[in-house]
Number of protein chains: 2
Amino acid sequence: MSIDRRQLIIEAATKSFSQFGYKATTMDQVAKIANVGKGTIYTFFKNKEELFDEITNSLIREMKVAAEDAFQTDLPFYEKVHRALYRILEYRLEHQLTIKLFQEGREMRTPAVMEVMERLEQGIISYIKEKVAQAVDKGEIKECNPELTAFVMLKLYIALIFDWERNHDPLTKEDIAKLLEQYVFKGLSK
Amino acid sequence: MSIDRRQLIIEAATKSFSQFGYKATTMDQVAKIANVGKGTIYTFFKNKEELFDEITNSLIREMKVAAEDAFQTDLPFYEKVHRALYRILEYRLEHQLTIKLFQEGREMRTPAVMEVMERLEQGIISYIKEKVAQAVDKGEIKECNPELTAFVMLKLYIALIFDWERNHDPLTKEDIAKLLEQYVFKGLSK
DNA sequence: TATATGACCGAAATCGTATTTTAGTCAGTT
DNA sequence: AACTGACTAAAATACGATTTCGGTCATATA
């Protein structure tokens, strides 16, 4: 049996997207890295965006697996949420592809990239939403709107991790866990 | 005594910045509206940016006054914070100048405008920080880092008011007050 | 003579167009 | 039947010509 060209293409494209971003990787480039004629790419993927989606969908799946992994403990709920969210956001710093895309979305506003980031955010929110709904059912936390709660938790995390350090020393993982506990779970009331 | 040219210039510039934004107002334009020679502007302001700062500083002062006004009640602390923050963020929707600048900062990234938005955010945070510190002193709320708390509250508000409605029906003023109370003050723990 | 002005300047932005790049196709090769 | 890469049309870019604009200063005015 001959080599799996589809896989070669995916690997090549992943490499190129990671290194140059979406806009700056050309289909010729991908074909060359994959050692494949350009036309061949189009027998597997309708267009550049579909190839991109294939790769980013795997990425999102992987992030869910990582989060799910962090969630499987018997710690208190807020600690589990913290670990899951932290894991997901850590991903951005560890994987070249997400770093590049995050940057490209912010500074070049490439539409295809913006859409992916949107999908990524939605994916995280729907994942957390599910967990919140389960926790409410199990009576682990108070009644609340699960989607809104997931949304608030994610925004809080992004603010604490990315926005805060634009003007201050970065917060440690433990700081952030404490803050999530303090603000969202325990509350400031006496 | 002759007319107050400085004031004429400030009024003209405010009009023009409100209507066209920072980048698109020219010094010739301002001079014309103010009925003043262009050179005259430079006898009062070192350059375009200093004129802009003069105007945006008044804006920030006005916003503080509006917030302070909302704060002078004897409601519970979270309700006062809510009123103050809501008042500040409402400002953006009511005043042409802030709308224009907000938009220009987002979509054109004009550096001078970005700086002003940054100062504006800092102004809000330091104002809220002060209030939080006082509330801690008076024993109205638990011990916490006042700046971080102010930061979290502002980010939460911006997320609830501006980000949430990009994908959902907007939240009402009462919804938002409830959410601030629920998440930041009471907490989700049982 | 203190204040105000607008013609003027160089730098920067914008515009128009020639040139290059690139996503996607398809006739031909293996 | 699977694969290829030369080809095309459209989009992006590079670039020089032109315009715009912030800031200055010699002159005018009161």
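## The interface

How much area do chain A and chain B bury between them? The figure is about 3,300 Å², and 58% of it lies on carbon and sulfur atoms. The model is predicted. On the chain A side, Lys142(A), Tyr183(A) and Leu188(A) give up the most area to chain B. Together these residues account for 21% of what that side buries.

Chain A puts 35 residues into the contact, and chain B puts in 35 residues. Salt bridges also cross the interface of chain A and chain B: the rule finds 4. One of the salt bridges in the model joins the side chains of Arg166(A) and Glu118(B), at 3.8 Å from N to O.

## Symmetry

A turn of 179° lays chain A on chain B, with a shift of 0.0 Å along the axis. The RMSD is 0.1 Å. The two copies are thus related as by a two-fold rotation axis. Both copies use the same surface: 100% of the contact residues of chain A recur in chain B.

Which residue of chain A comes closest to the rotation axis? That is Gly187(A), with its C-alpha at 2.0 Å.

## Aromatic pairs

Over all chains, the structure holds 16 aromatic pairs. One of them joins Tyr22(A) and Phe52(A). Their ring centres lie 4.4 Å apart, and the planes meet at 45°, a tilted arrangement. Tyr22(A) sits in the loop between α1 (5–20) and α2 (27–34) of chain A, while Phe52(A) belongs to helix α4 (residues 48–71), so the pair ties together parts 30 residues apart in sequence.

Are these two rings buried or exposed? Tyr22(A) has 10% relative accessibility and counts as buried, because the cut-off for buried is under 20%. Phe52(A), at 0% relative accessibility, counts as buried too.

Chain B offers a pair with another geometry. The centres of Phe71(B) and Phe77(B) are 6.3 Å apart and their planes stand at 70°, so this pair is edge-to-face. The cut-off behind that label is over 60 degrees. Phe71(B) and Phe77(B) are both buried. In chain A, Phe71(A) and Phe77(A) belong to one aromatic cluster with Tyr78(A) and Phe185(A).

## Charge over ring

Tyr22(A) has a further partner. The charged end of Lys48(A) sits over the ring of Tyr22(A), 4.5 Å from its centre. In chain B, Lys48(B) lies over the face of Tyr22(B). There the distance to the ring centre is 4.4 Å.

Notes. Residues are numbered from 1 along each chain as its sequence is written. Chains are lettered from A and ligands numbered from 1 in the order in which they are written. This is a predicted model: local features need pLDDT of at least 70, side-chain atom pairs count only at pLDDT 80 or more; totals for chains, interfaces and linings use all residues. Side-chain values use heavy atoms; hydrogens and water are left out. Rings of Phe, Tyr and Trp (its six-membered ring) pair if their centres lie within 6.5 Å; planes under 30 degrees apart count as stacked, over 60 as edge-to-face and the rest as tilted. Helices (H or I, at least four residues) and strands (E, at least two) are DSSP runs, numbered from the N terminus. Buried means under 20% relative accessible area, exposed over 50%, partly exposed in between (1.4 Å probe, protein chains only). A charge sits over a ring if NZ of Lys or CZ of Arg is within 6 Å of the ring centre and within 35 degrees of the ring normal. Copies are superposed by least squares on the C-alpha atoms of residues with pLDDT of at least 70 in both. Contact means heavy atoms within 4.5 Å. Buried area is the accessible area (1.4 Å probe) that two parts lose on being put together, summed over both.
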